[in-house]
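User: Could you walk me through a helix and a sheet of this model? I'd like to see the reasoning behind each answer.

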Amino acid sequence: MPLPAFLRPAALACALFLGSGAPAGGVTPEGEIRIGVLAFRGAEQAVETWSPTVTALARALPRHDIVLVPLDLNEMREAVADAQVDFVATNPGHYVELEAGHGITRIATLETTDRGTPRAAVGSVIFTRADNAAIGTLGDLKGTVFEAVDERAFGGFQIGWREMKAAGVDPFDDLDLLRFTGFPLDSIVLHVRDGLADAGTVRACLMEEMAAEGKIDMADFRILNPQPVAEFPCALSSRLYPDWPFAKLRHTDRALAKRVAIALLGQGLEGPGAAEAPQWTVPLNYQPVHDLYYDLRLGPFAMEPGDVLAEMAAEYWEWPAALAALLLLAAAAHVRTEHMVTRRTAELHAEMEERRRAQEEAQLRLAELAHVSRQSTMGELAAGLAHEINQPLAAITNYANGCIRRMEQQDARPHNSPDGALALRAENAEILAAIRQIVAQAQRAAGIIQNIRAFLRKGEAARTPIDMNRILRDAAALLAVEARHNGVMLRLKLGENLPDVLADRVQLEQVVVNLMRNGIDALKHVPEQERRLDLRSAVEEDGRAVLVSVRDTGPGLPPEVRGHLFEPFFTTKATGMGLGLSISQNIVENHGGWIGIDSDPAGTGTTVAFTLPAWRPAASG
């Protein structure tokens with residue numbers, strides 16, 4: 001199917017500039033993949049921003065031509081409606097509209113990295129000139145000239161609109177002039193600086209990007225309604241929302257969408273250009289965007305029967321003679337709206353069910369990865385565990401053979417004398433003691449086997465109140481052999497009166513084992529007399545949380561490594577899988593906790609710590 005006229009120039013330019021390296025003649029066995037992207041700073045900037053992603057995707061999918069199509073809001077809506085693209089990357093608000101209107105489905109969420117801090121959030125900044133003393137708060141915007149990019153722009157207007165509404169300012173009624181400039185957003189910043197507008201709003205971080213490009217000086221502006229958010233690197237005037245989604249259209253092949261999702265999430269983005277490509281994470285929850293649209297009565301929440309009746313009454317109030325006809329029309333509109341709401345609700349329920357299944361599949365894949373990681377860990381521990389099990393089994397054999405010999409000697413002696421009877425009772429007592437040792441050693445071997453089976457078990461997580469100190473003791477016992485073989489001294493510094501945590505025992509034990517094994521590996525590079533690994537637990541936040549830390553006395557980690565330690569498949573070991581810390585982070589965060597690393601490359605060691613919320617039993621009665 002040929003592209004429409006409004007798409008051909010951009011698509012042709014991008015195909016020539018960002019081709020996949022297909023065989024001679026430009027024909028590939030599996031055809032084109034067309035990706036529409038919202039060009040909020042213009043087509044040229046969009047090509048520069050997204051070409052590394054296209055190049056990386058082309059390497060991951062060599063049997064396809066990857067075509068990038070920069071679009072504005074209207075063009076993207078037309079392209080999706082006419083199925084002229086296979087995938088789209090757009091702002092969260094536009095995605096919600098396209099999801100409700102055309103059934104697109106997100107497969108990944110953009111994870112921006114600014115100054116080394118990964119984040120998956122978007123917000124807006126509302127600003128005026130620094131020397132404009134008349135505007136100090138959002139309430140002061142009444143009666144001013146205000147600029148935004150477009151009424152349907154998410155970061156460029158709708159987020160700021162919600163904050164203005166919360167401050168009691170209606171941008172459509174309370175401003176002297178609300179002016180929409182269209183793309184690119186840069187012009188809004190320049191108009192405010194040059195006095196052509198009193199204030200404006202743009203997507204957060206755009207002003208910092210323009211300052212880095214030398215276009216503006218941030219000191220010329222005052223940020224209204226500032227919202228300091230930890231680890232967010234830019235000026236902010238609003239709440240944060242999930243970042244841009246990468247979505248497939250309804251007609252896009254599911255198998256192809258799965259391959260593209262795998263490539264975006266890191267398994268296929270390899271080779272030149274991959275490092276510069278925008279990074280992606282699993283699809284996030286876009287309920288905050290739905291909440292914004294509900295608050296502003298936009299998108300799927302715009303059609304309400306009460307609003308329709310009010311608009312009709314206001315429009316036809318001047319013609320009382322037509323009141324009967326208007327009532328009939330209003331009734332018909334009501335019935336039609338109810339039908340549309342019912343149909344739209346059914347469609348939304350179907351989409352929500354599909355998203356729920358996708359989330360369950362993602363959780364299942366995470367559980368599979370965790371199971372593989374446990375199997376890998378136990379494989380590396382197999383030699384030490386075999387040695388530990390052989391010890392009680394050897395003791396069982398020796399005690400059993402001793403009992404047999406005693407019984408044979410007993411049968412060979414006469415027992416008709418008092419002394420013989422006394423000797424028999426003494427020997428029977430010794431045999432009984434030996435049998436007790438056999439039982440004890442058998443139970444010890446069974447306990448080791450049971451611990452291995454529990455650690456390797458695969459199934460649904462069962463969360464129960466757990467003593468964290470017990471988890472640390474069990475993990476230390478499991479790794480005692482490996483620590484001893486590597487000359488590492490294990491030291492437990494366990495806090496007293498720790499509250500329980502509501503968690504899955506096997507998953508928490510896996511986290512502690514992963515951190516301990518990383519510490520043992522780090523200590524292989526220091527003198528044996530300095531190899532120490534400390535496990536510590538303590539109460540945090542006035543009893544509301546439990547802190548666990550694992551500290552080694554190794555050489556520490558360089559700064560360029562610390563920023564990637566929690567990324568899947570990143571490893572500094574020659575034979576490592578690169579999943580241990582990533583899985584540990586997912587387990588801790590799924591339990592409502594936090595995990596972090598503190599390391600000194602000067603040689604004072606590395607500490608990995610995590611916290612979990614304390615469990616409090618529900619009050620009875």
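Analyst: Happy to; here are a few questions and answers on this predicted model.

User: Which residues of helix H9 are buried?

Analyst: Helix H9 spans residues 287–296. With buried taken as under 20% relative accessible area, the residues of H9 that qualify are Val289, His290, Leu292, Tyr293 and Leu296.

User: Why do the buried residues lie on the same side of H9?

Analyst: An α-helix has 3.6 residues a turn, so residues three or four places apart point the same way. The buried residues of H9 include Val289, Leu292 and Leu296. They are on the same side of H9 because the arc they cover around the axis is only 155°.

User: What covers the buried residues of H9?

Analyst: The cover includes a strand, E12 (241–242). Helices contribute as well, among them H4 (92–102) and H5 (154–166).

User: Which strands are at the edges of the five-stranded open sheet?

Analyst: The strand order is E16-E18-E19-E21-E20, with mixed pairing. An edge strand here pairs on one side only. That picks out E16 (489–493) and E20 (594–600).

User: Which residue of E21 is the bridge partner of Trp594?

Analyst: E20 and strand E21 (residues 605–613) run antiparallel, joined by seven bridges. In E21, the residue bridged to Trp594 is Thr611.

User: At what angle to E20 does helix H18 run?

Analyst: Helix H18 covers residues 580–590 and lies across both E20 and E21. Relative to E20, H18 runs at about 140°.

Terms used. Residues are numbered from 1 along each chain as its sequence is written. This is a predicted model: local features need pLDDT of at least 70, side-chain atom pairs count only at pLDDT 80 or more; totals for chains, interfaces and linings use all residues. Side-chain values use heavy atoms; hydrogens and water are left out. Buried means under 20% relative accessible area, exposed over 50%, partly exposed in between (1.4 Å probe, protein chains only). Helices (H or I, at least four residues) and strands (E, at least two) are DSSP runs, numbered from the N terminus. The arc is that of the directions from the helix axis to the C-beta atoms. Contact means heavy atoms within 4.5 Å. Two strands pair if DSSP finds at least two bridges between them. Axes are lines fitted to C-alpha atoms, for helices over the stretch in contact, and angles run from 0 to 180 degrees between N-to-C directions.
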